[in-house]
Amino acid sequence: ALPICPEPETRAMPFTDVPVGSYYYDAVLWAVENGITKGTSDTTFSPNMTCTRAQIVTFLWRAAGSPEPKGTAAGMTDVVPGSYYAKAVAWAVENGITTGTAEGTFSPDATCTRAQAVTFLARAQNAKATGKTAFSDVPADSYFADAVAWAQANGVTTGTSETTFSPDNDCTRAQ
C-alpha cells in the first residue's frame with residue numbers, strides 16, 4: 001500500500017505559489033520531502049497546471065518506493081523506452097493500476113482526468129469501496145464509481161462541490 005500523506009516535517013515551503021492554509025499545502029510539502037514530485041522551478045510548484053497520465057503514474061510509482069518492474073511496458077506502443085515514466089508505466093501495468101487507454105496504448109502525454117487519477121490511486125492502494133458515492137456526476141456503472149466512493153469515504157476527496165466530483169475535469173498538480 002502507498003503511504004497516505006502523513007504530517008509533513010516542520011520545514012518551510014520552498015514554493016511561493018503554495019499558500020499557507022491551502023487545501024494542498026501539507027500534501028505538496030510531503031510529496032516534495034518524500035521525492036514524489038518536484039516544483040516546476042526552484043520557487044514554483046504550479047498547483048493549477050494539469051498533470052499527464054505519465055506524471056500521475058510516476059507519482060504513484062515513486063510513492064510506492066520506485067520498485068523495479070519485472071519487465072517493460074511491452075505492448076504499450078506509445079511508452080518510450082528509457083523515458084522518465086517507462087518503469088512507472090511498466091510497474092502500473094504489472095500491478096493492475098492501468099490497462100491503458102486502448103489496446104496497446106497508454107497515452108502518456110494525455111491530460112489525466114480526475115476519474116483516471118482517483119482510479120489509479122485506488123488501484124495502487126488495492127482499495128475497495130464499502131458503499132456508493134453521493135456525487136450526482138458519478139454514474140454507478142462507471143469504471144471509476146468504486147474508486148470515487150472509496151476516495152470520498154476515506155477523506156481523499158470531497159469533490160468539487162458537495163454534490164459533484166467532476167470526473168472529466170483535468171487533474172491538477174494540487175489535486
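Is Lys-132 buried or exposed? Lys-132 is exposed, because its relative accessible area is 67%, and a value over 50% is what counts as exposed. The structure described here is a predicted model, and the report starts from its interior before returning to Lys-132 and its partner.

**Helix H2 and its surroundings**

Helix H2, which runs over residues 53–63, is mostly covered, with nine of its eleven residues buried. Among these buried residues are Arg-53, Ile-56, Phe-59 and Trp-61, and the buried residues of H2 pack against two other helices, H3 (86–94) and H4 (114–124). Ala-63 also belongs to helix H2, and Ala-63 counts as buried because its relative accessibility is 17%, below the 20% limit used for that class. The C-alpha atom of Ala-63 is separated by 29 Å from that of Glu-162, a residue 99 places away along the chain. Just after H2, the backbone of Gly-65 takes a positive phi of about 100°.

**Two helix pairs**

Two packed helices are described by the angle between their axes and the distance between the axes. The table gives these values for two pairs in the model.

| Helix pair | Angle between axes | Distance between axes |
|---|---|---|
| H2 and H3 | about 80° | 8 Å |
| H4 and H5 (residues 145–153) | about 75° | 8 Å |

With its angle of about 80°, the first pair has H2 roughly perpendicular to H3. On the H2 side of this contact stand Val-57, Thr-58, Leu-60 and Trp-61, which meet Lys-87, Ala-88, Val-89, Trp-91 and Ala-92 of H3. Sorted by class, the residues of the contact of H2 with H3 are seven nonpolar, one polar and one charged.

H4 and H5 are likewise described as roughly perpendicular to each other. Here Val-118, Thr-119, Leu-121 and Ala-122 of H4 meet Ala-147, Val-148, Trp-150 and Ala-151 of H5, and the contact of H4 with H5 consists of seven nonpolar residues and one polar residue, with no charged residues.

**Nonpolar cores**

In soluble globular proteins, nonpolar side chains tend to be buried together. In this model the largest nonpolar core holds 41 residues, and those with the most contacts inside it are Ile-56, Val-79 and Phe-120. Helix H1 (25–33), H2, H3, H4 and H5 each contribute at least two residues to this core. When neighbours within four places in sequence are left aside, Ile-56 is in contact with Cys-51, Cys-112, Ala-117, Phe-120 and Cys-171. A second core of ten residues, separate from the largest one, includes Val-18, Tyr-25, Leu-29 and Val-32.

**Salt bridges**

Side chains of opposite charge can pair when their charged atoms come close. How many salt bridges does a search of the whole structure find? The search finds two.

One of these joins Lys-87 to Glu-68, with the closest N and O atoms 3.2 Å apart. Since Lys-87 lies in helix H3 and Glu-68 in the loop between H2 and H3, the pair ties together parts that are 19 residues apart in sequence. Lys-87 counts as partly exposed at 39% relative accessibility, whereas Glu-68, with a relative accessible area of 58%, is exposed.

The other salt bridge brings back the residue of the opening question, for the side chains of Lys-132 and Asp-146 meet at 3.9 Å, N to O. This pair links distant parts of the chain, with Lys-132 in the loop between H4 and H5 and Asp-146 in helix H5, 14 residues apart. Asp-146 counts as partly exposed, at 44% relative accessibility, while Lys-132 is exposed, as stated at the start.

**Positive phi outside glycine**

Two serines also call for attention in the backbone. Ser-46 has a phi near 60°, a positive value in a residue other than glycine, and its place is in the loop between H1 and H2. Ser-46 is buried, with a relative accessible area of 18%. Ser-66, although it is not a glycine, has a positive phi of about 55°, and Ser-66 is found in the loop between H2 and H3. At 32% relative accessibility, Ser-66 counts as partly exposed.

Conventions. Residues are numbered from 1 along each chain as its sequence is written. This is a predicted model: local features need pLDDT of at least 70, side-chain atom pairs count only at pLDDT 80 or more; totals for chains, interfaces and linings use all residues. Side-chain values use heavy atoms; hydrogens and water are left out. Buried means under 20% relative accessible area, exposed over 50%, partly exposed in between (1.4 Å probe, protein chains only). Helices (H or I, at least four residues) and strands (E, at least two) are DSSP runs, numbered from the N terminus. Contact means heavy atoms within 4.5 Å. Axes are lines fitted to C-alpha atoms, for helices over the stretch in contact, and angles run from 0 to 180 degrees between N-to-C directions. Angles under 35 degrees count as roughly parallel, over 145 as roughly antiparallel, 65 to 115 as roughly perpendicular and the rest as oblique. Ala, Val, Leu, Ile, Met, Phe, Trp, Tyr, Cys and Pro count as nonpolar, Asp, Glu, Lys and Arg as charged, and the others, Gly among them, as polar. A nonpolar core is a set of buried Ala, Val, Leu, Ile, Met, Phe, Trp, Tyr and Cys residues joined through side-chain atoms within 4.5 Å. A salt bridge is a side-chain nitrogen of Lys or Arg within 4 Å of a carboxyl oxygen of Asp or Glu.
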